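Please examine the side-chain contacts of the structure shown below. The text after it treats aromatic pairing and salt bridges in turn.

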Amino acid sequence: MAGPGRQRTAAAAGEAAAPVTVEPGAAWAEYLAAARQLDGVRRGAAAAAGEQARSAEAAREELTVVRTGLASQQERLRELGVPPISLLPSPPEVS
């Protein structure tokens with residue numbers, strides 16, 4: 001009788017077990033194919049992560065340029081007498 005966590009096999013049940021034949025070359029070929037597929041997935045993920053990092057860096061650089069331009073425009077508007085409160089975004093603009 002099979003206990004917990006054990007599976008009954010054909011031999012344990014009194015039946016003749018069918019011989020399993022595996023060609024050594026076939027198992028190795030399957031292993032190599034799986035390893036190549038995994039390597040392809042890994043390389044794809046690394047490429048995507050690198051592209052995402054480059055995009056994020058480009059966005060940070062662009063944001064720095066925009067902030068610098070806005071600071072310059074804000075200074076010119078203050079020189080022209082625009083009140084500072086008018087230069088701040090309203091709550092609907094912030095959201």
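The following paragraphs describe these contacts and the accessibility of the residues that take part.

This is a predicted model, in which local features need pLDDT of at least 70 and side-chain atom pairs count only at pLDDT 80 or more, while totals for chains, interfaces and linings use all residues. Residues are numbered from 1 along each chain as its sequence is written, and side-chain values use heavy atoms, with hydrogens and water left out.

A search of the whole structure yields one aromatic pair. W28 and Y31 form this pair, which is stacked, at 5.2 Å centre to centre and 25° between the planes. Rings of Phe, Tyr and Trp (its six-membered ring) pair if their centres lie within 6.5 Å; planes under 30 degrees apart count as stacked, over 60 as edge-to-face and the rest as tilted. Both residues lie in helix α1 (residues 24–79), three residues apart, about one turn of the helix. Helices are DSSP runs (H or I, at least four residues), numbered from the N terminus.

Salt bridges, defined by a side-chain nitrogen of Lys or Arg within 4 Å of a carboxyl oxygen of Asp or Glu, number four. R43 bridges to D39, with the closest N and O atoms 2.7 Å apart, and D39, R42 and R43 are linked in a network of salt bridges. R43 is exposed at 53% relative accessible area, whereas D39 is partly exposed at 27%; buried means under 20%, exposed over 50%, and partly exposed in between (1.4 Å probe, protein chains only).

R54 pairs with E51 at 3.2 Å between the closest N and O atoms, and E57 with R60 at 3.1 Å.

Note on methods:
Helices (H or I, at least four residues) and strands (E, at least two) are DSSP runs, numbered from the N terminus.
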